[in-house]
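The following note sets out points for consideration on the structure shown below. Each point is a short paragraph and may be checked against the coordinates.

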Amino acid sequence: MGTLVIVIADTDNHRIRKLVNGYVYTLAGFKGQSPKSGYADGVPENAQFAAPTGIAAMSDGTLFVADTYNHLIREISNEGYTTTLAGTVKQVELTPGCRDPCMQGQPGTIDAGLSDSKFYFPTDVAIGHNNTVVVTDNHRIRMVTRRDKDAFIQGVLSRNRVVTIAGTQEHGKHDDVGELATFNGPQSLFMAQDGNIYVADSTNCRIRRVSHADHVAPDISCSTKATQVIRPSGCASYDPPTDVLGDKATAKTNNIFYNYDDKDNGRRIKNCQGVPPDHSGALNACCFTTSSNLLKTLLTCTPPVLL
């Protein structure tokens, strides 16, 4: 019979606990009689947390924790040694109960290197693909590359970085691409095997899906044909435009009213709609040299207008 292990973020006790075949013990965090929040990396008896909320485990036993009130993402080894994976920490004035030097995580919304990034009350973490951890952070979904691990996302190399993949600092319930989408206090998330991220968008009372990107900028050589690399500017697809109410411009919906001025309330009007133009043949004659500029090369070609 195998061993059943459950890891628990014991939020109000500011501890990380393990349940092993019915026996509970503290893996990391303050072990005194009274709960005590704080911040400290190190061995199990010295590590401190401040209301840890979300936790995720890898197959080798490594844990990642959303240390909510420290505004940090923490990493715990199988033996309980705690380090800070991402977020900014600085020394502050010494207060009762805080060990010298007194350190605290700093709130913010910065995408940057691991130790320069900032979080704002992160609530959950999940194991992502390619050495990444995904995080619900205020009204955003963010991705953290694990320390000193290469993360290849559709051929693009990332290392030691925190990036926002969806949402903004402002709350909302808008479906769109990347930073144009909005959430309202997402509390939990999970990445599936197909790369899609499923989010419990709590205040909006919705389950949202964040799909992976379809295209990245490909390498271009002299043998590359324009039809192999052209993606119409600003277009995610050739779907009809959508207005602020979510209606599409179809014969059924008739007139659609767009909000051109306020992008927070309306959808972007993409500059290519309807059926994709046929550029076969003429564009195949366009080629590129290592010194040529793609935009200039396209403008000198003779096919119909691209955009």
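How many residues lie between β11 and β12 in their hairpin, and which residue in the turn has a positive phi?

1. The hairpin. In this predicted model, the hairpin of β11 and β12 has 2 residues between its strands, and asparagine 138 in the turn has a positive phi of about 55°. Strand β11 covers residues 132-137 and runs antiparallel to β12, to which it is joined by 6 bridges. Within this pairing, threonine 136 is placed opposite isoleucine 141 of β12.

2. Surroundings of β12. Strand β12 spans residues 140-145, and 6 of its 6 residues are buried, so the strand is largely enclosed by the rest of the structure. Both faces take part: Arg140, Arg142 and Val144 point one way, Ile141, Met143 and Thr145 point the other way, and all are buried. Besides β11, strand β12 also pairs with β15 (residues 162-167), in the antiparallel sense and over 5 bridges. Glycine 167 in β15 is the bridge partner of arginine 140.

3. Charges at the hairpin. Arginine 140 has a salt bridge with aspartate 137, with an N to O distance of 3.8 Å. Both aspartate 137 and arginine 140 are buried. For an electrostatics calculation, the reader may wish to view this pair together with the contact described next.

4. A salt bridge across the sequence. Aspartate 175 and arginine 208 form a salt bridge whose closest N and O atoms are 2.8 Å apart. This pair links distant parts of the chain, 33 residues apart: aspartate 175 belongs to the loop between β15 and β16 (188-191), while arginine 208 belongs to strand β18 (residues 206-210). Aspartate 175 counts as partly exposed because its relative accessibility is 46%, whereas arginine 208, at 6%, counts as buried. Elsewhere, Asp111, Asp137, Arg140 and Arg142 are joined into one network by salt bridges that share partners. The structure holds 10 salt bridges.

5. The open sheet. Strands β1, β2 and β3 form an open sheet of 3 strands in the order β1-β2-β3, with antiparallel pairing. β1 and β3 stand at the edges with a single partner strand each, so one side of each has no neighbour in the sheet. From one strand to the next, the twist averages 25°. β1 pairs with β2 (residues 15-20) over 6 bridges in the antiparallel sense.

6. Aspartate 10. What does aspartate 10 stand opposite in β2? The residue in question is arginine 15. The salt bridge of aspartate 10, however, is with arginine 17, and the closest N and O atoms are 2.5 Å apart. Aspartate 10 counts as buried because its relative accessibility is 17%, and arginine 17 is buried as well, with a relative accessible area of 18%. These values may be read against the cut-off for buried residues, which is under 20% relative accessible area.

7. A nonpolar patch. Leu4, Ile6 and Ile8 form a nonpolar patch on the surface, and together they have about 240 Å² of accessible area. Isoleucine 6 lies in strand β1 (residues 5-10). Isoleucine 6 counts as partly exposed because its relative accessibility is 35%.

8. Glycine 29 and alanine 47. Are glycine 29 and alanine 47 buried or exposed? Glycine 29 is buried, with a relative accessible area of 0%, and alanine 47 is buried, also with 0%. Glycine 29 is in strand β3 (residues 23-29), while alanine 47 is in the loop between β3 and β4 (52-57). Leaving aside residues up to four places away in sequence, glycine 29 touches His14, Arg15, Pro44, Ala47 and Phe49. On the same basis, the residues touched by alanine 47 include Ala28, Gly29 and Thr82. The C-alpha atoms of glycine 29 and asparagine 46 are separated by 6.8 Å, with their positions 17 residues apart along the chain. Alanine 47 and alanine 28 are 6.0 Å apart, C-alpha to C-alpha, and 19 residues apart in sequence.

9. The chain as a whole. The protein chain has 2 helices and 18 strands. Buried residues make up 38% of its 307 residues. Of the contacts between residues at least 6 apart in sequence, 44% join residues at least 24 apart. The chain exposes about 17,400 Å², of which carbon and sulfur atoms supply 52%.

Conventions. Residues are numbered from 1 along each chain as its sequence is written. This is a predicted model: local features need pLDDT of at least 70, side-chain atom pairs count only at pLDDT 80 or more; totals for chains, interfaces and linings use all residues. Side-chain values use heavy atoms; hydrogens and water are left out. Helices (H or I, at least four residues) and strands (E, at least two) are DSSP runs, numbered from the N terminus. Buried means under 20% relative accessible area, exposed over 50%, partly exposed in between (1.4 Å probe, protein chains only). Contact means heavy atoms within 4.5 Å. Accessible areas come from the Shrake-Rupley method with a 1.4 Å probe; for residues, only the protein chains shown count as cover. Patches are made of residues with over 30% relative accessible area and no salt bridge: like charges are joined within 9 Å, nonpolar side chains (Val, Leu, Ile, Met, Phe, Trp, Tyr) within 5 Å. A salt bridge is a side-chain nitrogen of Lys or Arg within 4 Å of a carboxyl oxygen of Asp or Glu. Two strands pair if DSSP finds at least two bridges between them. Axes are lines fitted to C-alpha atoms, for helices over the stretch in contact, and angles run from 0 to 180 degrees between N-to-C directions.
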